[in-house]
Structure formats: C-alpha cells, structure tokens
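Trainee: I have just opened this entry and would like to get to know it. Could you walk me through it, one question at a time?

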Amino acid sequence: MLDRIPRAGRAAALLAAALLTLTLATGSADPSTTFEIVDGETSYVVYGRSGEVETALAQAGVAVGPRDLVTTDVQTDGTVRVLVERPVTTYEETIREYLPYETLRQEDPDLPLGQETVLQAGTQGVVVDRTKVVTDPDGTVHRYDLGSAVTAQPVDEIVAYGTKVEAVPASWLSVSDDVLTNLDPDGSGGGVLTTASGTEMAYTQVLRCRATAYTTQRQSWKLTATGTTARVGAIAVDPDVIPYGTRMFIVSADGTITYGVATAEDCGGAIQGNRIDLFFDTYDECIQFGVRDCDVYLLA
C-alpha cells in the first residue's frame, strides 16, 4: 500500500500520517518490523515497531524538513520502505544591460547657422544575460550560463546642424555684392563658404580681426609694401599673423559690409596682431567705414 503525504505542514504531521498508514496496512504494531529508509542515493536499514516511522528515521539519522516529501510502502515481505524525497529548486535569472547609441550629425543648408534640431531620437539597445540557478537539497547552489542575446538594437540619434547664413543686403560701402550666404564648417576650423552667386570657396581658418580703412586718394604714393599697386582688394596685414600673398574673404562681423576677396599685400605701423587695414578708393568711404570687427576667412 502506498500513501503519499502532502508537502505542506510540519515534519511531525508527515510522520504521523506515515504512522497511520502503516497501522492501517499491518493492523498491528509489530516490534520486529524492518524499515528500509531511502534518502536520495543513501539507504538505511533499521529495526523497530511498525508504527514508529519517526523513531526509525531518527535511528537512521535522517532529518525531515517541512518541504520534504515522505512516502511509505509495505513490501510483500513485510519490510516497510520509507522514501524521503527532497525538492530541487530551479529557476532562471536574467540581467538586462543597455547598449549605448551613437549621435550622427548632418548638415542642413536650410537651417540657420548655429541652430540644431534632432531629426531622430536615439534609444539604447538591450542585451539580456541568462543564467540557470539550481539549488540542491543540501543547499548547494549551481549556476549555469545560458548565454546572452541582444533583444533590441540601439537606434542612432540624428542631429541636423544649420549652415545657412542669412544674407544681409550689401551697404553702399560693400566692395562686393556677392554676399556670404552659407557656411559649411568641417569641424577643424576650416570649411567651405558659399556666396550669393553660388561660388564656393574653401577656407582653412577664420580670424576675427579689428579692421580700419585707408586710401591713397590724397597721397602721392601708390605702392604697397610688397611693391604692388595699392587698390581695392589689396589690404594691409601683420605678416606674422597673415603672411603676404594670403587670399581671404572678408565680411563685417554684423554682415552689413562685404569686402569680398582680398590679398595680403601691404602692412602698417599700427597693424599688429589681429588687425587689418582695408583699402577703399575714397576718403569718404574710409570715414564711413571707421573701425569695426570683421570675419576674415583665410582661403585655401
């Protein structure tokens, strides 16, 4: 006869149920009963009264916990077989890790210079690490790596940056009406500028210079320091900052005056450091220009 005792409850309740089963099966408490106790891979043989399962377990040194399952079975030869089953706990452990996304930048010629806009939001990717955790009846814990899997790929963030320069109408002081309309910086200080005519010019550096103006209208001399004729487009520089022969594109910092393309051909005693002197045809133009900041794009 086989009687299975539920897991729940205390060990004493399990043993009491086993005792009741044996009493019903044998009809008596025979003091010469043989108990075969099986606990996992270990077996014990003890002798005692048929109803005293708890005593037999204690005699064999087998402790029963509240989660253990005890079954009894009376064999044909009268031996009482006591089976102690201890549960093995198994579960899967998962750990989520996150993969970073990259930020990609792209030029937008229709977006004003200095402005940025996010075209696509970035999201992190997800990788899941799986581990199988097994706890033996004796409390020993085993961990088995089940591998990793990417459950979601990261999505790049895309940011557009503006390169459009709002064209300012040329003033009467402008030497050129081919005003600056677009800048495409390369991230290293240089880039490409575009004018209203569609002309593209590569530049290697941008200098913010303090600019003055000069003319030879009331002077007898007409030559520059390099021996060329003083004229519009031939400007004075500090050759230690801007070497002679350097071509550049010059526009006032506020964008109202476009001097345009010029060449470093002259110098002056007061032209030191980031200072330049722009040639104009007339004295009145020089007075109107005065002193102002200019952006000087050194052309490649």
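Trainee: Let's begin with the cysteines: how many disulfides does a search of the whole structure find?

Mentor: Keep in mind that this is a predicted model. Two cysteine sulfur atoms must lie within 2.5 Å to count as a disulfide. Take Cys-209: its nearest cysteine sulfur belongs to Cys-294 and is 8.1 Å away, so by the 2.5 Å cut-off Cys-209 is in no disulfide. For the whole structure, the number of disulfides found is zero.

Trainee: Is Cys-209 buried or exposed?

Mentor: Residues under 20% relative accessible area are called buried. Cys-286, at 10%, falls in that class. Cys-209 has a relative accessible area of 1%, so Cys-209 is buried.

Trainee: How many strands does the protein chain have?

Mentor: The chain has 300 residues, and 36% of them count as buried. Among its contacts with a separation of 6 or more, 63% are between residues 24 or more positions apart. Its secondary structure consists of three helices, and the number of strands is 19.

Trainee: Which strand gives the most to the largest nonpolar core?

Mentor: That core has 24 residues, and Ile-235, Met-248, Ile-250, Ile-276 and Leu-278 have the most contacts inside it. Elements giving two or more residues to it include strand 16 (247-252), strand 18 (275-279) and helix 3 (283-289). The top contribution is four residues, and it comes from strand 14.

Trainee: How many residues are in the other core, the one with Val-80 and Val-84?

Mentor: This other core lies apart from the 24-residue one. Its members include Ile-37, Val-64, Val-80 and Val-84. The number of residues in it is 13.

Trainee: Which residues is Thr-79 in contact with, leaving aside its neighbours within four places in sequence?

Mentor: Thr-79 sits in the loop between strand 4 (69-74) and strand 5 (80-85). With a relative accessible area of 14%, Thr-79 is under the 20% limit and therefore buried. Leaving those neighbours aside, the contacts of Thr-79 are Thr-34, Glu-36, Asp-73 and Val-74.

Trainee: Now for charged side chains. With which residue does Arg-86 form a salt bridge, the closest N and O atoms being 2.6 Å apart?

Mentor: Side chains of opposite charge can pair when their charged atoms come close. Arg-86 is in the loop between strand 5 and strand 6 (89-99), and its partner, 18 residues apart, is in the loop between helix 2 (53-60) and strand 4. Arg-86 is partly exposed at 25% relative accessible area, whereas the partner is buried at 7%. That partner is Asp-68.

Trainee: Which residue is linked with Asp-68 and Arg-86 in a network of salt bridges?

Mentor: The search of the whole structure finds nine salt bridges. The pair of Arg-86 and Asp-68 is one of them. The network links this pair with one further residue, Asp-39.

Trainee: How many residues apart are Arg-143 and Glu-93?

Mentor: Their side chains meet in a salt bridge, at 2.4 Å from N to O. Glu-93 is partly exposed, at 23% relative accessibility. Arg-143 is in strand 10 (residues 141-152) and Glu-93 in strand 6, and the pair links distant parts of the chain: the number of residues apart is 50.

Terms used:
Residues are numbered from 1 along each chain as its sequence is written. This is a predicted model: local features need pLDDT of at least 70, side-chain atom pairs count only at pLDDT 80 or more; totals for chains, interfaces and linings use all residues. Side-chain values use heavy atoms; hydrogens and water are left out. Buried means under 20% relative accessible area, exposed over 50%, partly exposed in between (1.4 Å probe, protein chains only). Contact means heavy atoms within 4.5 Å. A nonpolar core is a set of buried Ala, Val, Leu, Ile, Met, Phe, Trp, Tyr and Cys residues joined through side-chain atoms within 4.5 Å. A salt bridge is a side-chain nitrogen of Lys or Arg within 4 Å of a carboxyl oxygen of Asp or Glu.
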